[in-house]
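Q: Please take a close look at the part that UniProt lists as "active site". Which residues belong to it, and where do they lie?

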Amino acid sequence: MPTLLLTGFEPFHTHPDNPSAHAARELHGTELPGGWHVHSELLPVEPHAAGATLTRLLGERAPDAVLLTGLAAGRPHVTLERVAVGVMDFRIPDNAGQTYQDQPIRADAPAAHLATLPLRAVLAAWRGAEIPGDISNSAGLYVCNFVLYHALHWLNEQGRGAVPCGFLHVPANAAVALSVPTDRPPLPYLPQSEITRAVRVAAETIAERTAFQNEPAPSEPAQEQMGKM
């Protein structure tokens with residue numbers, strides 16, 4: 001049974017909630033088109049612990065696709081990340097109280113990795129489901145970017161670079177938006193049900209496209225017969 005690994009993050013900074021965690025928990029165990037199975041896990045908001053957890057999951061689960069998700073408070077809708085860069089530069093502390101500035105993720109690794117998800121297909125599926133979304137060209141330089149870079153680099157090192165892997169940023173939900181002090185600008189938000197629906201549609205599209213790409217080509221006799229019909 002093919003597996004899609006879905007991750008979310010725990011709450012961090014001043015946010016009392018993380019909508020990516022709710023989506024991951026709700027979709028855990030979901031069956032996707034083509035007999036795919038969703039296995040969900042939450043990652044800590046600390047790069048080294050998150051990287052260790054992700055390495056374990058990638059090794060133990062050997063997923064056929066990887067969809068990482070996290071909160072981008074302030075964005076108005078869901079966004080797919082195009083690229084992960086190999087630098088940490090935190091504007092806020094992680095959940096271990098640490099910050100990093102101009103810190104390479106791996107000194108001996110490429111400056112960046114491109115996501116390998118079918119980005120345009122997911123956008124089209126969102127539009128068909130009446131879910132506004134877009135492609136982002138910056139995952140930031142915080143833990144979200146770190147785990148995307150880490151996953152893509154690990155898969156490449158293991159000779160599994162063909163495994164679809166990418167990151168989906170979700171906007172605030174109501175709990176996050178309501179926690180903003182009244183003297184700060186309000187946050188755009190989506191209901192949690194819509195955020196979860198967007199993640200599900202993305203997961204379904206990834207499964208469908210991956211299954212299609214992995215279908216064996218017709219055998220030569222079958223091709224010849226098709227040509228005679």
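A: His169 lies in strand E11 (residues 165–170); strands, marked E and at least two residues long, are DSSP runs numbered from the N terminus. The model is predicted: local features need pLDDT of at least 70, side-chain atom pairs count only at pLDDT 80 or more, and totals for chains, interfaces and linings use all residues. Residues are numbered from 1 along each chain as its sequence is written, and side-chain values use heavy atoms, with hydrogens and water left out.

The unreviewed UniProt entry lists Glu81, Cys144 and His169 for "active site"; such positions follow the numbering used here, feature names are shortened, and annotations may be inferred rather than shown by experiment. The three are spread over 89 residues of sequence, yet they cluster in space, with a largest C-alpha distance of 10.0 Å.

His169 is buried at 3% relative accessibility, where buried means under 20% relative accessible area (1.4 Å probe, protein chains only). Beyond its neighbours within four places in sequence, His169 is in contact (heavy atoms within 4.5 Å) with residues including Glu81, Cys144, Arg75 and Ala139.

Glu81 is found in strand E5 (residues 78–81) and is likewise buried, with a relative accessible area of 0%. Not counting residues up to four places away in sequence, Glu81 touches ten residues, among them Arg75, Ser138, Phe167 and His169. The side chain of Glu81 also makes a polar contact with that of Arg75 (2.8 Å), that is, a pair of N or O atoms within 3.5 Å, one able to donate a hydrogen and the other to accept it, where residues adjacent in sequence count only if both atoms are side-chain atoms.

Technical notes: Helix = DSSP H or I, 4+ residues; strand = E, 2+ residues; numbered from the N terminus. Buried < 20%, exposed > 50% of the residue type's maximum accessible area, 1.4 Å probe, protein only.
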